[in-house]
Amino acid sequence: MKSAIRDINLHESGKLKISWVKAHMPLLNNLEKEFSRTRPFEGAKIALSVHLEAKTAYLCEVLSSAGAEMFVTGSNPLSTQDDVAAALVHEGMNVFAVHGATPEEYESGLRAVISAGPNIIIDDGGDLVHLIHTEYPELIPNVIGGCEETTTGILRLKAMDRSGELKFPMMLVNDADCKHLFDNRYGTGQSVWDGIMRTTNLIVAGKNVVVAGYGWCGKGVAMRAKGLGAEVIVTEVDPVKAMEAVMDGFKVMKMSDAASLGDIFVTVTGCKDVITTRDFWKMKDGAICCNAGHFDVEVAVSALREVATESYIARNNIEAFTLVNGKTIYVLAEGRLVNLAAGDGHPAEIMDMSFAIQALSAKYLVDNKNNLPSESGKMLLHVPVEIDAEVASRKLESWGVSIDTLTPDQKKYLYGE
């Protein structure tokens with residue numbers, strides 16, 4: 001019997017993935033049409049370091065259609081999809097990323113896009129911004145500004161700005177309502193469990209799930225775990241967030257107490273050493289650990305490796321560690337972002353909003369380049385409420401949803417206008 005699978009080139013596989021997400025990203029569709037006509041980034045170089053999969057690739061196409069010369073790399077060695085990268089190369093873009101990159105190869109990609117002398121930086125985690133400040137200060141005058149996608153990246157930017165190190169303005173994209181309220185909560189919530197279930201092929205219902213961190217991402221992960229039938233335990237360091245978790249119906253306790261109860265552990269804190277050796281010793285035989293925070297420092301995999309008597313690959317993207325007490329602990333995706341390193345990342349409809357904000361924020365920087373802050377220590381810019389409102393309105397329109405508007409009299413009553 002003949003195989004029904006077509007033999008296609010690598011870049012053609014990537015093109016299929018990009019075509020699929022394009023069909024489900026109406027906001028970027030509209031921006032692509034508009035930008036192709038107005039060309040707001042004509043002659044500009046954009047350096048982008050974001051998880052290099054199909055949705056990101058479509059953002060690159062939209063920015064390219066607006067006149068930008070794109071220099072693209074990944075923001076995680078395991079989230080780059082080679083066929084998608086190949087599709088962008090086939091389109092003539094400058095791409096420096098490969099799946100499974102070594103630390104040296106990953107850094108080489110960052111250096112390549114920075115050394116191009118970008119005018120706009122689109123960052124996911126802060127690696128590009130940190131690198132240009134520490135090793136390429138002579139290129140900083142070329143930079144109009146940049147956009148940061150993640151909570152972790154914004155924390156790094158705030159530290160740089162407080163110390164006076166940040167030398168160009170950065171838009172805090174993650175803080176926009178149409179980003180963190182939807183991307184972080186619904187996007188992370190769904191994609192984390194997609195990655196876990198796809199990788200393990202195990203049921204979630206009936207299990208004890210420990211979610212470390214109850215920010216917007218943690219809220220989404222906990223909510224989806226509950227919906228899948230799990231008993232959810234939340235660990236937190238912030239008393240207000242811990243109180244939220246209690247009132248949302250979850251058990252809250254220290255990680256040292258949760259360690260012996262959990263079947264699946266998901267870290268979503270942005271901090272390091274959230275699950276460490278003291279916790280591994282307490283875990284059940286067969287406990288599964290994974291991370292949904294940006295960097296691979298939340299689950300102390302290196303410490304686990306040191307105390308394990310042996311380790312082996314139990315399944316693709318699952319490494320097993322046997323402890324001296326005979327228990328086995330499983331780690332997914334090397335402790336890297338489980339939703340991207342072991343999945344396709346957030347749903348296309350969610351990233352449609354996030355990347356629309358990225359594109360419009362980058363356009364805001366270009367349109368206002370002569371009026372941007374230049375004083376060190378004051379370089380962080382919130383996404384204008386008008387951009388948030390525009391993205392929300394366009395999204396509602398794409399759903400066929402209409403909402404009320406305030407009458408002049410109501411506006412006067414509320415705002416004194």
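## Two sheets and the helices packed on them

Helix α3, spanning residues 54-65, lies across three strands, β1 (45-49), β2 (69-73) and β4 (120-123), and runs at about 175° to β1. Helix α5 (residues 103-115) lies across β1, β2 and β4 as well, with its direction at about 165° to β2. The structure you are looking at is a predicted model, so a word on confidence comes before the rest of the tour.

**Confidence.** The average pLDDT of the protein is 95, and 98% of the residues score at least 70. Please treat the start of the chain with care: over residues 1-7 the pLDDT stays under 50, and the model has one contact beyond four places in sequence for that stretch.

**The seven-stranded sheet.** The strands that α3 and α5 lie across belong to an open sheet. In that sheet, seven strands follow the order β3-β2-β1-β4-β5-β6-β15, and the pairing is parallel. Which strands stand at its edges? They are β3 (94-95) and β15 (380-382); each has a single partner strand, so one side of each is left without a neighbour in the sheet. Further in, strand β5 (residues 145-148) pairs with strand β6 (residues 170-172) in the parallel sense, over three bridges. Within this pair, Cys147 has Met171 of β6 as its bridge partner.

**The eight-stranded sheet.** Here the order is β9-β8-β7-β10-β11-β14-β13-β12, again in an open sheet, with mixed pairing across its eight strands. The edge positions go to β9 (251-252) and β12 (310-315), which each have a single partner strand, so one side of each lacks a neighbour in the sheet. At the β9 edge, strand β8 (residues 231-235) pairs with β9 in the parallel sense over two bridges, and the bridge partner of Ile233 in β9 is Lys251. Helix α9 packs on this sheet, where it touches β7 (208-212), β8 and β10 (264-267), and its direction makes about 170° with that of β7.

At the β12 edge, the sense of pairing is antiparallel: β12 and strand β13 (residues 318-322) are joined over five bridges. Glu310 stands opposite Thr322 of β13. The hairpin of β12 and β13 has two residues between the strands, and Asn317 takes a positive phi near 70° there.

**Helix against helix.** Three helix pairs are set side by side below.

| Helix pair | Axis separation | Crossing angle |
|---|---|---|
| α5 and α6 (residues 127-135) | within 10 Å | roughly 70° |
| α8 (residues 177-200) and α9 (residues 216-227) | 7 Å | about 45° |
| α8 and α15 (residues 348-367) | within 9 Å | roughly 150° |

Take α5 and α6 to begin with. Their axes cross at roughly 70°, which makes α5 roughly perpendicular to α6. On the α5 side the contact uses Tyr106, Leu110, Arg111, Val113 and Ile114, and on the α6 side Asp127, Leu128, Leu131, Ile132 and Glu135. By class, that contact has seven nonpolar residues, three charged and no polar ones.

Helix α8 appears in two of the rows. How does it pack against α9? The two pack at about 45°, which makes α8 oblique to α9, and their crossing is right-handed. From α8, the contact is made by His180, Leu181, Asn184, Arg185, Tyr186, Thr188, Gly189, Gln190, Val192 and Trp193; from α9, by Trp216, Cys217, Gly220, Val221, Met223, Arg224 and Ala225. The classes here are nine nonpolar, six polar and two charged residues.

With α15, the axis of α8 crosses at roughly 150°, and that makes the helices roughly antiparallel. The crossing of α8 past α15 is left-handed. Cys178, Lys179, Phe182, Asp183, Tyr186 and Gly187 of α8 meet Ile350, Met351, Met353, Ser354 and Ile357 of α15. This contact divides into seven nonpolar, two polar and two charged residues. If you would like one residue to click on, try Tyr186, which is listed in the contact of α8 with α9 and in the contact of α8 with α15.

Technical notes. Residues are numbered from 1 along each chain as its sequence is written. This is a predicted model: local features need pLDDT of at least 70, side-chain atom pairs count only at pLDDT 80 or more; totals for chains, interfaces and linings use all residues. Side-chain values use heavy atoms; hydrogens and water are left out. Axes are lines fitted to C-alpha atoms, for helices over the stretch in contact, and angles run from 0 to 180 degrees between N-to-C directions. Helices (H or I, at least four residues) and strands (E, at least two) are DSSP runs, numbered from the N terminus. Angles under 35 degrees count as roughly parallel, over 145 as roughly antiparallel, 65 to 115 as roughly perpendicular and the rest as oblique. A crossing is left-handed if the near helix is turned anticlockwise from the far one by less than a right angle, and right-handed if clockwise. Contact means heavy atoms within 4.5 Å. Ala, Val, Leu, Ile, Met, Phe, Trp, Tyr, Cys and Pro count as nonpolar, Asp, Glu, Lys and Arg as charged, and the others, Gly among them, as polar. pLDDT is the predictor's confidence in each residue, from 0 to 100. Two strands pair if DSSP finds at least two bridges between them.
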